[in-house]
Amino acid sequence: MFRRKAEERTGSPEALRLESVRRVYGAEGNQVNALDGVSLSLPKGSFTAVMGPSGSGKSTFLHCAAGLDQPTGGRVFVDGEELAGRNEAALTKFRRERIGFVFQQFNLLPALTVMQNVTLPLKLAGRKADPEQARAVLARVGLGERLHHRPSELSGGQQQRVAIARALVTRPSVLFGDEPTGALDTRSARDVLALLQEAVRMYGQTVVMVTHDPVAASYADSVLFLADGRIVGRMTAPTAEAVAERMTHLSDEIIPAVA
Ligand SMILES: Nc1ncnc2c1ncn2[C@@H]1O[C@H](COP(=O)(O)OP(=O)(O)O)[C@@H](O)[C@H]1O
Ligand SMILES: [Mg+2]
């Protein structure tokens with residue numbers, strides 16, 4: 001039984017914990033260590049950016065942490081509960097209740113209105129699709145006037161704000177974003193980042209965001225640097241300049257693969 005009462009869900013001070021997580025892709029003899037022993041603990045209400053060169057394992061990290069992919073080894077805990085050891089149906093249920101995910105390409109359902117897109121996760125989680133709750137979260141992201149529009153009638157920035165509302169409406173333990181500003185112009189990106197920051201600061205949301213943009217990373221409380229599937233650095237209170245500087249030296253730290 002992993003279904004617990006709401007008040008008990010606040011028991012763990014950790015929103016996310018990884019213990020020696022590994023993910024190996026490919027058949028024997030042709031293997032890639034996409035994640036090579038990642039351990040971390042993120043407290044509730046933290047905003048973490050994950051950076052690293054292309055191929056360093058950022059997406060693999062996010063997918064393993066969010067239960068979208070199964071690690072080859074190690075353990076993942078969300079809100080104190082281990083992801084492993086569930087069947088696919090139980091894992092899907094857990095994800096629907098506890099995990100929010102925002103993608104680079106928004107992934108809204110084009111046939112549904114803004115309102116329908118946002119109430120869908122509540123329906124899928126078997127909760128009462130309270131229109132007031134959906135309206136409130138859409139008002140928070142600045143789309144209170146666009147409830148009955150379809151995604152194609154909105155700008156990219158507005159679509160991503162709908163996707164964030166959709167991810168927040170279930171009040172997930174962790175909101176994950178894989179390059180959530182990667183497809184946006186500078187101004188829309190800033191709106192989206194300010195929104196994520198507000199979710200953390202005003203509502204105590206935990207956010208973990210992969211980005212390759214030092215400016216985006218500077219909105220987080222701390223930055224984790226990945227290289228070759230390992231955490232090779234951390235920075236708290238990041239500035240865009242400091243992050244950019246760190247990134248330029250990151251490639252020096254990658255041990256070249258010797259054939
Ligand atoms: N499905 C897969 N099959 C085989 N190799 C993969 C797969 N997904 C990712 N990889 C490899 O794992 C490593 C990390 O990939 P990824 O997590 O996508 O990195 P990033 O998001 O930092 O660019 C890369 O070497 C990539 O080629
Ligand atoms: Mg990636």
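**Exercises on a predicted fold**

What covers the buried residues of helix H3 includes strand S4 (73–78) and strand S6 (99–102). The model is predicted, so that local features need pLDDT of at least 70 and side-chain atom pairs count only at pLDDT 80 or more, whereas totals for chains, interfaces and linings use all residues. Residues are numbered from 1 along each chain as its sequence is written, while chains are lettered from A and ligands numbered from 1 in the order in which they are written.

**Exercise 1. State which residues of helix H3 are buried.**

Step 1. Helices (H or I, at least four residues) and strands (E, at least two) are DSSP runs, numbered from the N terminus, and H3 is the run covering residues 88–98.

Step 2. A residue is buried if 20 or more other C-beta atoms lie within 10 Å of its own, exposed if 12 or fewer, and partly exposed in between, with C-beta atoms placed from the backbone. In H3 the residues that count as buried are Arg95, Glu97 and Arg98.

**Exercise 2. Describe the protein chain as a whole, beginning with its helices and strands.**

Step 1. The protein chain contains nine helices and ten strands. Its radius of gyration (taken over C-alpha atoms) is 18 Å, and the globule rule (2.2 Å times the number of residues to the power 0.38) gives a close value of 18 Å for 259 residues, so the chain is as compact as a globular protein of that length.

Step 2. Along the principal axes, the C-alpha atoms fill a box of roughly 55 × 45 × 35 Å, and 41% of the 259 residues count as buried.

**Exercise 3. Follow strand S1 into its sheet and find how Glu14 is placed there.**

Step 1. Four strands, in the order S2-S1-S4-S5, form an open sheet with antiparallel pairing; two strands pair if DSSP finds at least two bridges between them. The edge strands, each pairing on one side only, are S2 and strand S5 (81–82).

Step 2. Strand S1 (residues 14–25) is joined to S2 by nine bridges, and Arg17 stands opposite Ser41 in S2.

Step 3. Glu14 belongs to S1 and is partly exposed, because 17 other C-beta atoms lie within 10 Å. Leaving aside neighbours within four places in sequence, Glu14 is in contact (C-beta atoms, placed from the backbone, within 7 Å) with Ser41, Leu42, Pro43 and Gly80. Although Glu14 and Ser41 are 27 residues apart in sequence, their C-alpha atoms are 6.6 Å apart in space.

**Exercise 4. Work out which elements give two or more residues to the shell around ligand 1.**

Step 1. The residues surrounding ligand 1 (C-beta atom, placed from the backbone, within 6 Å of it) include Tyr25, Val32, Gly52, Lys58 and Thr60.

Step 2. Strand S2 (32–43) and helix H2 (58–65) are the elements that give two or more residues to this shell, and the largest share, three residues, comes from H2.

**Exercise 5. Examine how strand S9 and strand S10 are joined.**

Step 1. Six bridges join strand S9 (residues 222–227) to strand S10 (residues 230–236), and the two run antiparallel; Met235 in S10 is the bridge partner of Val223.

Step 2. S9 and S10 form a hairpin with two residues between them, and in the turn Asp228 has a positive phi of about 55°.

Note on methods:
Contact = placed C-beta atoms within 7 Å.
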